[in-house]
Amino acid sequence: MLTRIDHIGIACFDLDKTVEFYRATYGFEVFHTEVNEEQGVREAMLRINGTDDGGASYLQLLEPTREDSTVAKWLAKNGEGVHHIAFGTADVDGEAEAIRNKGVRVLYDEPRTGSMGSRITFLHPKDCHGVLTELVTSASSQH
Ligand code: CMX
Ligand code: CO
């Protein structure tokens, strides 16, 4: 079961400036930052609200770390903006398998490491009406 919005991923050219925009405009503070070399991003997670399963909903601000990364390619084509949405689940492996069996392309054979030790995978945007869709099991709900 997909039980919540885990985050909305937003691609930006300058992470520090974008973080400052969200702080100055809305009062959202940085909850966590990290570099994910596998994904080619430097990211800031802004925690918006907690959820009833003990998880939370975030904005994930993404700055590319290298020109051949997916986010760098996307920014070059589209400019800044909403890059993907992510649904939270207690079982990313099971959900990915079930969705793959419905004929939607799941991009990874096995989930990979996402923010804060989560496990993540992605669904191809062309199979999801134009929306790059991520599935996330947060570290706190892994057993
Ligand atoms: N949202 C919607 N459509 C998208 C898209 C996005 N974010 N990225 C690409 N597309 C579309 C393109 O517009 C293009 O469509 P057209 O053929 O109609 O022009 C098509 O998909 C192919 O795009 P591309 O530019 O050739 O890009 P690639 O096929 O090389 O890569 C994808 C697309 C989805 C496979 C790649 O972005 C990917 O692997 N994404 C998953 C990983 C990721 O995004 N990591 C960064 C975030 C990390 C995190 O959240 O923690
Ligand atoms: Co994400």
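Along the sequence of this predicted model, the secondary-structure elements of the chain occur in the order β-α-β-β-β-α-β-α-β-β-β. The total is 3 helices and 8 strands. The radius of gyration of the chain is 15 Å, close to the 15 Å given by the globule rule for 143 residues, so the chain is as compact as a globular protein of that length. Along the principal axes, the C-alpha atoms fill a box of roughly 40 × 35 × 25 Å. Of the 143 residues in the chain, 31% are buried. Among contacts with a separation of 6 or more, 57% link residues that are 24 or more positions apart in the sequence.

The 8 strands form an open sheet with mixed pairing, and their order in the sheet is 2-3-4-1-5-8-7-6. Strand 2 (30–36) and strand 6 (112–113) are the edge strands, each pairing on one side only. Strand 1 (residues 2–11) has strand 4 and strand 5 as its neighbours in this order. With strand 5 (residues 81–89), strand 1 pairs in the antiparallel sense over 8 bridges. Within this pair, I5 has F87 of strand 5 as its bridge partner. With strand 4, strand 1 runs parallel, and the two are joined by 5 bridges. Here the bridge partner of A11 is L62 in strand 4. In a regular strand, side chains alternate between the two faces of the sheet.

Helix 1 (residues 15–26) lies across strand 2, strand 3 (41–50) and strand 4 (56–64). The angle at which helix 1 runs to strand 4 is about 150°.

The surroundings of the ligand were examined next. Ligand 1 is surrounded by 24 residues, of which Q39, T70, F122, P125 and L132 are the closest. Several elements contribute to this shell: strand 4, helix 2 (70–78), strand 5 and strand 7 (119–123) each supply at least two residues. The largest share comes from helix 2, with 5 residues. By class, the shell around ligand 1 comprises 9 nonpolar, 11 polar and 4 charged residues. Strand 4 and strand 5 thus appear both among the suppliers of the shell and in the pairing with strand 1, strand 4 in the parallel sense and strand 5 in the antiparallel sense.

Methods. Residues numbered from 1 in each chain as written. Chains lettered and ligands numbered in written order. Predicted model: local features only at pLDDT ≥ 70, side-chain atom pairs only at ≥ 80, totals over all residues. Helix = DSSP H or I, 4+ residues; strand = E, 2+ residues; numbered from the N terminus. Rg over C-alpha atoms; globule rule 2.2 N^0.38 Å. Buried ≥ 20, exposed ≤ 12 C-beta atoms within 10 Å, placed from the backbone. Contact = placed C-beta atoms within 7 Å. Pairing = 2+ DSSP bridges. Axes fitted to C-alpha atoms, helices over the stretch in contact; angles between N-to-C directions. Near = placed C-beta within 6 Å. Nonpolar A, V, L, I, M, F, W, Y, C, P; charged D, E, K, R; others polar.
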